[in-house]
Amino acid sequence: MLAIAGLRPWTVARLPPAMFANSTRLLLGLGLAPALARIGHDLGDVEWRAGRSGLRIACAASRQGHRAMFGAPALNLLRSELHAALLEAARAHPSIRVLAGRTVADVRQDADGATVITAEGEQHRGWVAVG
């Protein structure tokens with residue numbers, strides 16, 4: 001969304017294997033519907049239960065109900081496949097620069113933005129660092 005708004009983002013993130021509508025709606029908005037259809041599997045009913053007693057605490061809607069209630073699917077997917085789809089989309093966007101194979105050693109923030117310093121000594125300055 002930041003790149004679409006004219007900014008030049010880069011991101012380091014950890015994502016869960018199950019994604020609910022708040023996440024999938026964002027990814028659909030970024031044009032990742034074909035990738036999500038390829039790599040995601042709709043979740044059925046999702047239940048939260050108390051660890052010791054097994055008492056049902058809450059339940060999320062079924063496949064169609066989740067889409068109807070929240071406007072996007074709940075998906076189960078492999079993190080590696082999601083990362084590959086995100087990387088593919090980032091590489092395809094002209095405003096996003098992908099720097100692979102680097103290790104972030106430090107992030108320094110000041111009033112004007114953030115600087116990411118890699119283990120290799122590179123410094124990358126931006127408006128914000130998300131990680």
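Two strands count as paired if DSSP finds at least two bridges between them, and the strands themselves (E, at least two residues), like the helices (H or I, at least four), are DSSP runs numbered from the N terminus. The model is predicted, so local features need pLDDT of at least 70 and side-chain atom pairs count only at pLDDT 80 or more, while totals for chains, interfaces and linings use all residues. Residues are numbered from 1 along each chain as its sequence is written, and side-chain values use heavy atoms, with hydrogens and water left out.

**Exercise 1. Work out how the sheet that holds β6, β7 and β8 is put together.**

Step 1. Begin with the hairpin that β7 and β8 form, which has four residues between the strands, and note that G121 in the turn has a positive phi of about 95°. These two strands pair in the antiparallel sense over four bridges, and in β8 the bridge partner of V116 is H124.

Step 2. Turn to the other side of β7 (residues 113–118), which pairs with β6 in the antiparallel sense over six bridges; here V116 is the bridge partner of V107.

Step 3. Put the pairs together: the result is an open sheet of three strands in the order β6-β7-β8, with antiparallel pairing. β6 (104–110) and β8 stand at the edges with a single partner strand each, so one side of each is left without a neighbour in the sheet.

**Exercise 2. Describe the surroundings of H124 in strand β8.**

Step 1. Place the residue: H124 is found in β8, which spans residues 123–126, and it belongs with G126 to the covered face of that strand, whereas Q123 and R125 make up the uncovered one.

Step 2. Classify H124 by its relative accessible area, where buried means under 20%, exposed over 50% and partly exposed in between (1.4 Å probe, protein chains only). H124 has 14% relative accessibility and therefore counts as buried.

Step 3. Look for a side-chain partner, which for H124 is the side chain of E122, in a polar contact of 3.3 Å. Such a contact is a pair of N or O atoms within 3.5 Å; within protein, one must be able to donate a hydrogen and the other to accept it, and residues adjacent in sequence count only if both atoms are side-chain atoms.

**Exercise 3. Find the three salt bridges of the structure.**

Step 1. Apply the criterion, a side-chain nitrogen of Lys or Arg within 4 Å of a carboxyl oxygen of Asp or Glu.

Step 2. One of the pairs is E122 with R102, at 2.5 Å from N to O. This pair links distant parts of the chain, since E122 is in the loop between β7 and β8 and R102 in the loop between α4 and β6, 20 residues apart. With 27% relative accessibility, E122 counts as partly exposed, and so does R102 at 35%.

Step 3. R125 meets D110 at 2.8 Å, N to O; R125 lies in β8 and D110 in β6, so the pair ties together parts that are 15 residues apart in sequence. R108 and D106 form a further salt bridge, at 3.0 Å from N to O.

**Exercise 4. Locate the buried residues of helix α1 (residues 21–29).**

Step 1. List them: A21, T24 and L27 are the buried residues of α1.

Step 2. Compare their directions from the helix axis to the C-beta atoms, which define the arc: they cover only 130° around the axis, which puts them on the same side of α1.
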